[in-house]
Amino acid sequence: MATEPNDSAILQAILAEQKKIVVLLEAGREAQQEGLRFLRERYEQDARIRDESVSLQRSAVARFRKLGYVVLPLIALCVGLIVWLMVRYRMF
């Protein structure tokens, strides 16, 4: 019977350590959930930025095409005028 108080003390020590472990696990789970929340927010922010970037790129390509419809004929006209002037004044 002398070992009963000793066993009781050991069991209480084990129980106290298990309680500490449970507290640490809960703290770890909370930290993990906070990290997951942060990652989800970051993902959503990155998705918004990516969508905005794609939208801006598409609008830039559309503007470039519209500009190309004006600029390319003007370049062709200038080259044609230069060739015409070279032929007229026999510069080649």
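**One helix, end to end**

Me: Where does I21 lie in this predicted model?
Reply: This is a predicted model. The secondary structure comes to 1 helix and 0 strands. I21 is placed in helix α1.

Me: Is I21 buried, partly exposed or exposed?
Reply: The relative accessible area of I21 is 46%. Buried needs a value under 20%, and exposed needs one over 50%. The value for I21 falls in between, so this residue is partly exposed.

Me: How far apart are the C-alpha atoms of I21 and I49?
Reply: Start from the chain: I21 and I49 are 28 residues apart along it. In space, their C-alpha atoms are separated by 42 Å.

Me: What separates the C-alpha atoms of V87 and V23?
Reply: V87 also sits in helix α1. Its relative accessibility is 46%, so V87 counts as partly exposed. V87 and V23 are 64 residues apart along the chain. The distance between their C-alpha atoms is 92 Å.

Me: What is the radius of gyration of the protein?
Reply: Take the globule rule as a reference. A compact globule of 92 residues would come out near 12 Å. The C-alpha trace here spans about 125 × 25 × 10 Å along its principal axes. The radius of gyration of the protein is 39 Å.

Me: What share of the residues is buried?
Reply: A residue must be under 20% relative accessible area to count as buried. The accessible surface of the protein is about 8900 Å², with 65% of that belonging to carbon and sulfur atoms. Of the 92 residues, the buried share is 2%.

Me: How far apart do the centres of the positive and negative side chains lie?
Reply: Count the charges. There are 14 positive and 11 negative side chains. The centres of these two sets are separated by 27 Å.

Me: How many salt bridges are there?
Reply: Opposite charges on side chains can pair when the charged atoms come close. The cut-off used is 4 Å, from a side-chain nitrogen of Lys or Arg to a carboxyl oxygen of Asp or Glu. The number of salt bridges by this rule is 2.

Me: Which residue meets E17 in a salt bridge?
Reply: E17 is partly exposed because its relative accessibility is 44%. The partner lies 3 residues away in helix α1 (residues 3-88), about one turn of the helix. The N to O distance is 3.4 Å, and the partner is K20.

Me: Which residue forms a salt bridge with R42?
Reply: R42 is at 42% relative accessibility, so it counts as partly exposed. Its partner is also in helix α1, 4 residues away, about one turn of the helix. The closest N and O atoms are 3.6 Å apart, and the partner is D46.

Me: Is D46 buried, partly exposed or exposed?
Reply: The relative accessible area of D46 is 33%. That value lies between the cut-offs of 20% and 50%, so D46 is partly exposed.

Me: Is E30 buried or exposed?
Reply: E30 has its place in helix α1. Its relative accessible area is 51%. The cut-off is over 50%, so E30 is exposed.

Me: How far apart are the C-alpha atoms of E30 and R40?
Reply: E30 and R40 are 10 residues apart along the chain. Their C-alpha atoms are separated by 15 Å.

Definitions and conventions
Residues are numbered from 1 along each chain as its sequence is written. This is a predicted model: local features need pLDDT of at least 70, side-chain atom pairs count only at pLDDT 80 or more; totals for chains, interfaces and linings use all residues. Side-chain values use heavy atoms; hydrogens and water are left out. Helices (H or I, at least four residues) and strands (E, at least two) are DSSP runs, numbered from the N terminus. The radius of gyration is taken over C-alpha atoms; the globule rule is 2.2 Å times the number of residues to the power 0.38. Buried means under 20% relative accessible area, exposed over 50%, partly exposed in between (1.4 Å probe, protein chains only). Accessible areas come from the Shrake-Rupley method with a 1.4 Å probe; for residues, only the protein chains shown count as cover. Lys and Arg count as positive and Asp and Glu as negative; His and the chain ends are not counted. The place of a charge is taken as NZ of Lys, CZ of Arg, CG of Asp or CD of Glu.
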